[in-house]
Amino acid sequence: VGFSLAPFTPHLSKPIRIPSRRLDFLRSPRHVHLRRSRWRAHADAPPLKETSYSLLGLSKATYPDGWEKPEGRVEYRDSLIDRFLIGIFMDKMASATGAKRGDNTYEDFIKLCFESIRQKNASEQVQQSLDVLQTFLPPNGDVAFKKMFPKGKGSYELNAEITKVGFAWMVGPMTVETTTENDEGVPMASTVKIHKCRWLQESACTGMCCNMCKLPTQKFFTETFGLPLTIRPNFEDKSCEFCFGLTPPPIKDDPTYLQPCHVRCPTAKLSEDDGLLPCHKLMTPE
């Protein structure tokens, strides 16, 4: 008993089947962190000065004193696997923008993202990121995903656990938390908490966060996969939440799109009143 990855691995002669018992750990209560408020304190953030994360736990994150403060930083050492994943993503982005890619490093990944910001407007950035995500799907991959993960608590919770491991190479360590912030309004371990988003930490760019991560990822899951997802970045402390099972609001009702430029962003345009106007790179609410 289990599920098959055959729809996503058409190049393999024999389909991969994962026994259900191997997935039991994903639903284990010890992997779930209860949340008391929407933007909780960092009391249950990684308690160690250094922690392992991502695929096989081979990447390392170090938490210096004050890392949880707005301008605090987490330091990273990428594993060879994560650098390989960074390289794959950079190849696809370079192909979409025509820009020259650098080495398989996170620093060069951020530079490539800024090249996209300079070349394209907000809607073009969103579409480019969607196109890149689509390239990871095999033929009819969206249909297979919908069959494997129908709407419901089980699919939301399992995708939260998969995100915690599979997406960590891009944003850093995460935990899964139980919340009622979903369309059903019932407790689910379906919210992924990023304690300090690496992408936001390194770019300090409001527009990049929204146009190249938040909006395209929401669209990808909600529209392509039929699985509601709302992403809530916190631009003050650079934490973030991925809320599976929660339908995203329209842009005009999303407070994220009132966020000003960050003072550290190299493309920032700050107003005379300390940059309180919305970032000039954001999608305009209709």
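The following exercises concern a predicted model of a single chain.

**Exercise 1. Describe the overall make-up of the chain: its secondary structure, burial and contacts.**

Solution.
- Step 1: The secondary structure consists of nine helices and 10 strands.
- Step 2: Of the 286 residues in the chain, 51% are buried.
- Step 3: The area exposed by the chain is about 14300 Å², and 56% of this is supplied by carbon and sulfur atoms.
- Step 4: Considering contacts between residues at least 6 apart in sequence, 57% join residues at least 24 apart.

**Exercise 2. Determine how many disulfides the structure contains, and explain why Cys 197 and Cys 210 are not in one.**

Solution.
- Step 1: A disulfide is a covalent bond between the sulfur atoms of two cysteines. The cut-off applied to the two sulfur atoms is within 2.5 Å.
- Step 2: For Cys 197, the closest cysteine sulfur belongs to Cys 240; it lies 6.1 Å away and is therefore too far for a bond.
- Step 3: For Cys 210, the closest cysteine sulfur is that of Cys 209, at 4.8 Å, which is also too far for a bond.
- Step 4: The search of the whole structure accordingly reports zero disulfides.
- Step 5: As to their surroundings, Cys 197 is buried with a relative accessible area of 10%, and Cys 210 is buried at 0% relative accessibility.

**Exercise 3. Characterise helix H9: where does it bend, and how many of its residues are buried?**

Solution.
- Step 1: Helix H9 spans residues 206-224.
- Step 2: A bend of about 25° occurs in H9 at Pro 216.
- Step 3: Of the 19 residues in H9, 16 are buried, so the helix is mostly covered.
- Step 4: Gly 226, just after H9, adopts a positive phi of about 70°.

Terms used: Residues are numbered from 1 along each chain as its sequence is written. This is a predicted model: local features need pLDDT of at least 70, side-chain atom pairs count only at pLDDT 80 or more; totals for chains, interfaces and linings use all residues. Side-chain values use heavy atoms; hydrogens and water are left out. Helices (H or I, at least four residues) and strands (E, at least two) are DSSP runs, numbered from the N terminus. Buried means under 20% relative accessible area, exposed over 50%, partly exposed in between (1.4 Å probe, protein chains only). Contact means heavy atoms within 4.5 Å. Accessible areas come from the Shrake-Rupley method with a 1.4 Å probe; for residues, only the protein chains shown count as cover. The bend at a residue is the angle between axes fitted to the seven residues ending there and the seven starting there.
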